[in-house]
Amino acid sequence: MMRGVTPSTSKSYAITDELAGVVDVAVARLCERYAQIGESVWLNYGAKWPAKKIADKNSMSEVSARQLIKTGVGWIDCALEQIREAT
């Protein structure tokens, strides 16, 4: 009952369907070009796997898995920026 009275401090994020489709295409392109990086990004953000679990799956260190994820996020950010500039 108190949960309904107490204001929530968590942030609520929402994106449009159009932007979600653009992100989906960018992730798909990343998976085609750099499969391991794309899979790592998908597992981390889509499947909510922690970097440790991704590292174990790929027989690598957690630091390496985090680097793959960061690289993939940067690649997707760049792809989204190019799309934004084209419109």
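Here are two short exercises on helix packing in this predicted model, with worked solutions.

Local features need pLDDT of at least 70 and side-chain atom pairs count only at pLDDT 80 or more, while totals for chains, interfaces and linings use all residues. Residues are numbered from 1 along each chain as its sequence is written, and side-chain values use heavy atoms, with hydrogens and water left out.

**Exercise 1.** Work out which residues make up the largest nonpolar core, and which helices supply them.

*Solution.* Start with the term: a nonpolar core is a set of buried Ala, Val, Leu, Ile, Met, Phe, Trp, Tyr and Cys residues joined through side-chain atoms within 4.5 Å, where buried is under 20% relative accessible area with a 1.4 Å probe, protein chains only. Next, list the members: A26, V27, L30, I37, V41, L68, I76 and A79, eight residues. Then assign them: α2 (17–33), α3 (35–46) and α5 (62–86) each give at least two (helices are DSSP runs of H or I, at least four residues, numbered from the N terminus). Finally, set aside the other core, which has six residues, including A51, I54, A55 and I69.

**Exercise 2.** Describe how α2 sits against α5.

*Solution.* First, take the axes, lines fitted to C-alpha atoms over the stretch in contact, with angles from 0 to 180 degrees between N-to-C directions: they come within 10 Å and cross at roughly 125 degrees. So α2 is oblique to α5, since angles under 35 degrees are roughly parallel, over 145 roughly antiparallel, 65 to 115 roughly perpendicular and the rest oblique. Last, look at contacts (heavy atoms within 4.5 Å): the α2 residues include V23 and R29, and those of α5 include W75 and L80.

Technical notes:
Buried < 20%, exposed > 50% of the residue type's maximum accessible area, 1.4 Å probe, protein only.
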